[in-house]
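Please open the model in a viewer and keep the sequence panel visible beside it. The tour below proceeds by selection, and each stop states what is to be found there.

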Amino acid sequence: MGGVLHPRHMRLNLTMMMKLTRKQVLTEAKAPDLQSVRKLNCWGCKLSDVSILSQMPNIEVLTLSVNSISSLAPLAGCLSLCELYLRRNMIASLSELCYLRPMTRLRVLWLADNPCCGENSSQYRLTVLRCLPGLQKLDNQAVTEDEIALARLKGEEISAPPNTAQQQLSTNGVTDAEKENVSLGHDTGQTNTVKELRMKTLSRDKFPSLHSQSTRSSMKKTHTLDAVLLLLRDLDHEELRIVHMETQNRLKTFTLDSLETLRDPQQSQSADIQH
């Protein structure tokens, strides 16, 4: 299995569980926090919910073979992945590979024995390589330069899964407080719509951490903005109207804060003169 660790060496005790939890990951990886996890083997653990992976930006080798995983959305933020093993899961469409496109370091992928592979193994392989031309090994078979060239010509173009933005945002997790943090002043219908939109908002502490605090802050803002812009494409007229109202309210808040900031120095100067 190439670089895969044997299950007896590193296997989570999740036989009866379907959701991968933070405690289980840290115990298995012997890591102090999720951002420190570099390798994880969840082979044959009957997992269907691996949303916790969205909080592991530095993971490099991940084994998820022989599970019940149907979506790769939780992996969208794992930009350090070099090896990914997904054999024998429930991935129905190759469109899920769109979540792997940003992974510029990904060199090994094992996707065989998933429903998305279909019956035409040759076409399947060319399609995967067209989507992920940086792979060096696919399904335990080395990738050649000729294959990459042929994939550009004959591989099928993969489109993003339906509701990609919503799926990607929801997998990054938001706290209960964030879900309920809906501003006042809307009618019931508008409040419910805004609440639904905010439940899809990215939690800012789920992105890859960087050594520089200022760089990390900048990256978080960039990721959040990209996610919001991506989400806007899938909203209908009514939802866009609600977003517009919320944006106006936020702008008014910033304007008021700015005015208060300007007033405070003026008030301090007047007080100094009086004294």
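A residue is called buried when its relative accessible area is under 20%, exposed when it is over 50%, and partly exposed in between. The model on display is predicted.

**The whole chain**

Begin with the entire protein in a cartoon representation. It contains eight helices and six strands, and these follow one another along the sequence as α-β-β-β-β-α-β-β-α-α-α-α-α-α. Colouring by burial marks 41% of the 275 residues as buried. A surface representation covers an accessible area of about 15,900 Å², with carbon and sulfur atoms contributing 52%. If contacts between residues at least 6 apart in sequence are drawn, 53% of them join residues at least 24 apart.

**First selection: Glu157 and its partners**

Select Glu157, which at 54% relative accessibility counts as exposed because the value is over 50%. Which residues meet Glu157 in salt bridges? One is Arg101, with the closest N and O atoms 3.3 Å apart. Arg101 belongs to the loop between β3 (83-85) and β4 (108-110), whereas Glu157 belongs to the loop between α3 (145-154) and α4 (164-171), so this salt bridge ties together parts that are 56 residues apart in sequence. Arg101 counts as partly exposed, at 36% relative accessibility.

Now add Arg130 to the selection. The side chains of Glu157 and Arg130 form a salt bridge with an N to O distance of 3.1 Å. Arg130 lies in helix α2 and Glu157 in the loop between α3 and α4, so the pair ties together parts 27 residues apart in sequence. With a relative accessibility of 33%, Arg130 counts as partly exposed. Through shared partners, the salt bridges join Arg101, Arg130 and Glu157 into one network.

**Second selection: Arg125 and Glu147**

A search of the whole structure gives three salt bridges, one of which is formed by Arg125 and Glu147, with closest N and O atoms 2.6 Å apart. This pair links distant parts of the chain, from Arg125 in helix α2 (residues 121-131) to Glu147 in helix α3, 22 residues apart. Are these two residues buried or exposed? Both Arg125 and Glu147 are buried.

**Third selection: helix α3**

Remain on Glu147 and extend the selection to the helix that holds it. Buried in α3 are Glu147, Ile148 and Ala151. In a view down the axis of α3, these buried residues fall within an arc of 100 degrees, so they line one face of the helix. An α-helix has 3.6 residues a turn, so residues three or four places apart point the same way. The buried residues of α3 pack against α2 and β6 (141-142). On the other side of α3, the exposed residues are Glu145, Asp146, Arg152, Leu153 and Lys154.

**Fourth selection: the nonpolar cores**

Next, show the side chains of Leu40, Leu97, Leu100, Leu109 and Leu111. Within the largest nonpolar core, which has 50 residues, these five touch the most other members. The elements that give two or more residues to this core are α1, α2 and α3, and its largest share, five residues, comes from α2.

Centre the view on Leu109. Leaving aside residues up to four places away in sequence, Leu109 touches Leu84, Leu86, Leu97, Leu100, Val128, Leu132, Leu135, Lys137, Leu138 and Asp139. A second, separate core of five residues can then be selected, including Val61, Tyr85, Trp110 and Ala112.

**Fifth selection: helix α1**

Move to helix α1 (residues 22-29), where Gln24, Val25, Leu26 and Glu28 are buried. The cover over these buried residues includes β1 (39-41). Just after α1, Lys30 adopts a positive phi of about 55 degrees.

**Final selection: the cysteines**

Close the tour with Cys42, Cys45 and Cys78. How many disulfides does a search of the whole structure find? It finds zero. The closest cysteine sulfur to that of Cys42 is in Cys45, at 5.3 Å, which is too far for a bond; a disulfide requires two sulfur atoms within 2.5 Å. Cys42 counts as buried, at 0% relative accessibility, and Cys78 likewise counts as buried at 0%.

Methods:
Residues are numbered from 1 along each chain as its sequence is written. This is a predicted model: local features need pLDDT of at least 70, side-chain atom pairs count only at pLDDT 80 or more; totals for chains, interfaces and linings use all residues. Side-chain values use heavy atoms; hydrogens and water are left out. A salt bridge is a side-chain nitrogen of Lys or Arg within 4 Å of a carboxyl oxygen of Asp or Glu. Helices (H or I, at least four residues) and strands (E, at least two) are DSSP runs, numbered from the N terminus. Buried means under 20% relative accessible area, exposed over 50%, partly exposed in between (1.4 Å probe, protein chains only). Contact means heavy atoms within 4.5 Å. Accessible areas come from the Shrake-Rupley method with a 1.4 Å probe; for residues, only the protein chains shown count as cover. The arc is that of the directions from the helix axis to the C-beta atoms. A nonpolar core is a set of buried Ala, Val, Leu, Ile, Met, Phe, Trp, Tyr and Cys residues joined through side-chain atoms within 4.5 Å.
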